Amino acid sequence: MDSATFSITSYYSPHFNNNNNKLTSPNHTTGLRLPLFKPVNFDIHPSSPPISISTNPRSTFSCSAVTVTPVTSANSKLQTLAAEFNSVSEPIDRVKRLIQYASQLPQLDESLRVPANRVMGCTAQVWLDVRMDSDGTMRFLADSDSEITKGFCSCLISVLDGATPEEVLGMKTEDLGDLNVAGLHGTKVDSRVNTWHNVLVSMQKRTKALVAEREGKPVGEVFPSLVITAEDIGAKGSFAEAQARFLFPDDAKVQELASLLKDRQVGIVAHFYMDPEVQGVLTSAQKLWPHIHISDSLVMADSAVSMAKAGCKFIAVLGVDFMSENVRAILDQAGFPEVGVYRMSDEQIGCSLADAASSPAYTSYLSEASNSSPSLHVVYINTSLETKAHAHELVPTITCTSSNVVQTILQAFAEVPNLNVWYGPDSYMGANIVELFQQMTFMTDEEIAKIHPEHTRNSINSLLPRLHYFQDGTCIVHHLFGHEVVEKIKDMYCDAFLTAHFEVPGEMFSLAMEAKRRGMGVVGSTQNILDFIKSRVQEALDRNVDDHLQFVLGTESGMVTSIVAAVRQLLCSSESSSRTGKISVEIVFPVSSDSVTRVSQKSDDGLNVSVIPGVASGEGCSLHGGCASCPYMKMNSLTSLLKVLTSLPLGKDGLTRYEAGRFSLLTPKGKLIADVGCEPILHMRHYQATKKLPEKLVYQMLGAAKC
């Protein structure tokens, strides 16, 4: 028999282990030699034509007179790998097996250890290089500064290296759960399992890009973004440039505002979604006047009470009308009826959710709720005081926020197991809550107990038929995060950190929940989003290595001012300045073509043309236009704020239309709207303080007393 001739060119040099004729990597020094690839059976036939076998992203393995068993599919390789790990019963032995796989991973060339190849969201540093062979198969190289993470990468490459793009893109993160590595316990190990998932997602993103390049398809237009470093803020796109300009307001405006606030003894409570120009000035003025607070709607009234206690005679509310109503009512409840509360417009500052809750359809919804007993109405705090009052007289009511709604509902069912819960008015949030509970039915009782200690799979299954939500209420801003935006995020930002408000449509919610499961996302309130970004930036600082963090902002774009301020504070802190690692943070603004506003104007040649307005001011849409932006919130202008301040206190008679409403009207049962409307808010505060529903509310739910 003639001898076979082998010609090998490789990024690293594989060789045969003389004991079993399996290809192994020679660059390991310790540990068990594991096969990098499924064993190949060689049957030498001199008359056979040469066959080329690809064994590595950078290698060709040419041999003459060789026949080879068919190439194993990625799915089969994954099943084989899963069987291998499932055969190892002890967690510590699975760790050892991962380390053995790590020893087989070729050392990555230093030229590939660049920021562009970093995988985001990993506790350890992970570099990934992805290329496509001339025959269209995918080739992967990876490395990490953590042995366990390197083991994860080695396992993934053993499955997907040499696979078709369809196989790579068809693998789901949940498929990796069968590997049983998640059976290891502890936060550090869980984060490394998340790394496994994040590397797969990054492989898939880069595979999509290479497929598009191969097919000659154009790369999609990126979303606008701001890039924040300790030294600078960069902007990509005109919309982002407009946002960036407002982050550094004119010192004269800041001094003027701070002086007026101090002279008139005025406190300011503003929402995160405020106009970026106003927020920029307010953020800078905070250093000169402490009674300025920017937050979500939950704590605006609490902050106003604190300012009143500190001596402020007036409170300026920068938000929509239900926020100023709540501030007025809570100040009255707290014993500060003499403190003036002012809105920032002489026109109504509406809200699509608040309007939905005051509609006849919502009244009908509550009438249906009142016919079932026991019942609880969980109403979103983003509704008017009048809505809360009228609702509470029909059905026992507690307010909620996007950050506490899930726990509120779970606690209510825990205390009254046969309860009917009626949530409203946000239809997307209601559907997302139902979806979340449905997902919980697939969890173990131990996993559910971590969310709420008094619930199990049985109790979650029993509450689902008793949970109702209003079907016709949406936030006009969060409505924009639909199919178009979601598909673009999947294609171009699937490996980024994903943030989403609980009010987004189901597609965006599901995408963010998937990211959350692998440590790359958050779903909740504006404060939850801010806290998530801050925590990830702090983790990057603690690692003290060069890193780039990219966050997709799945909520109103005005929130970016507070995000930038918080991130800059972390990056520029004295402790951070002593670190050697360079961190950059990119905030991406998703764009929907539904938010494009076109106006017609005549061009120089007399033709009517459509233009996207406000590129300079950040309105419109696209890379050179705006994104999710609430038109109601933008009614709170800096001009209006200065007008109110300069009129106080002597000219306040001219500010009648700016005053927050104080309800002197009565409910159908003859009680003050302000008193009855505040009670659901007080119920929520009691729950937040004690983690129990107030006895009075439970009494009302059981029908023993009526409001």
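**Exercise 1. How many cavities of 30 Å³ or more does the model hold, and which residues lie closest to the centre of the largest cavity?**

Solution. Step one is the count: this predicted model holds 6 cavities of 30 Å³ or more. Step two is the volume of the largest cavity, which is about 310 Å³. Step three is its lining, made up of 29 residues, with His271, Tyr273, Met323, Asn382 and Glu503 the closest to the centre. Step four assigns the lining to secondary structure: helix H10 (321-333) and helix H11 (352-357) are the elements that give two or more residues to it. Step five sorts the lining by class, giving 15 nonpolar, 11 polar and 3 charged residues.

**Exercise 2. Where in the chain is Arg328, and is Arg328 buried or exposed?**

Solution. Begin with the position: Arg328 belongs to helix H10. Next, take the relative accessible area, which is 5% for Arg328. The cut-off for buried is under 20%, so Arg328 counts as buried. Then list the contacts, leaving out residues up to four places away in sequence: Arg328 touches Phe336, Pro337, Val339, Gly340, Val341, Ala660, Gly661 and Arg662.

**Exercise 3. Classify Thr164 by accessibility and find how far apart Thr164 and Met132 are in space.**

Solution. Thr164 sits in the loop between helix H3 (147-160) and helix H4 (165-170). Its relative accessible area is 30%. Partly exposed covers values between the 20% and 50% cut-offs, and Thr164 is therefore partly exposed. For the distance, compare sequence with space: Thr164 and Met132 are 32 residues apart in sequence, and their C-alpha atoms are 9.4 Å apart.

**Exercise 4. Which peptide bonds to Pro425 and Pro649 are cis, and what is omega in each?**

Solution. Take Pro425 to begin with. The bond from Gly424 to Pro425 is cis, with omega near 5 degrees. Pro425 lies in the loop between strand S18 (420-424) and helix H15 (427-440). Now take Pro649. Leu648 and Pro649 are joined by a cis peptide bond with omega of about -10 degrees. Pro649 is located in the loop between helix H23 (638-647) and helix H24 (673-690).

**Exercise 5. What is phi of Gln265 and of Lys691, and where are these residues placed?**

Solution. Gln265 is not a glycine, yet its phi is positive, about 55 degrees. The residue is in the loop between helix H7 (251-264) and strand S12 (266-271). With 25% relative accessibility, Gln265 counts as partly exposed. Lys691, also a residue other than glycine, has a positive phi near 65 degrees. Lys691 falls in the loop between H24 and helix H25 (695-701).

**Exercise 6. What is the mean pLDDT of the chain, and what contacts does the model have for residues 594-626?**

Solution. The chain has a mean pLDDT of 81, and 81% of its residues reach 70 or more. Over residues 1-70 the pLDDT is below 50, and this stretch has 137 contacts in the model beyond near neighbours in sequence. Residues 594-626 stay under 50 as well, with 63 contacts beyond four places in sequence. Where pLDDT is low, predicted coordinates should not be read in detail.

**Exercise 7. What percentage of the 707 residues count as buried, and how many helices and strands does the chain have?**

Solution. Of the 707 residues, 55% count as buried. The chain has 25 helices and 25 strands. For contacts with a separation of 6 or more, residues 24 or more positions apart account for 72%. The exposed surface is about 30,500 Å², of which carbon and sulfur atoms supply 52%.

Definitions and conventions. Residues are numbered from 1 along each chain as its sequence is written. This is a predicted model: local features need pLDDT of at least 70, side-chain atom pairs count only at pLDDT 80 or more; totals for chains, interfaces and linings use all residues. Side-chain values use heavy atoms; hydrogens and water are left out. On a 1 Å grid over the protein atoms alone, a cavity is a set of points where a 1.4 Å probe fits but cannot get out, and a pocket is an open set with protein on both sides within 12 Å along at least five of seven lines; lining residues have an atom within 4 Å of a point. Grid points are joined across faces, edges and corners, and a volume is the space filled by probe spheres set on the points. Helices (H or I, at least four residues) and strands (E, at least two) are DSSP runs, numbered from the N terminus. Ala, Val, Leu, Ile, Met, Phe, Trp, Tyr, Cys and Pro count as nonpolar, Asp, Glu, Lys and Arg as charged, and the others, Gly among them, as polar. Buried means under 20% relative accessible area, exposed over 50%, partly exposed in between (1.4 Å probe, protein chains only). Contact means heavy atoms within 4.5 Å. Accessible areas come from the Shrake-Rupley method with a 1.4 Å probe; for residues, only the protein chains shown count as cover. pLDDT is the predictor's confidence in each residue, from 0 to 100.
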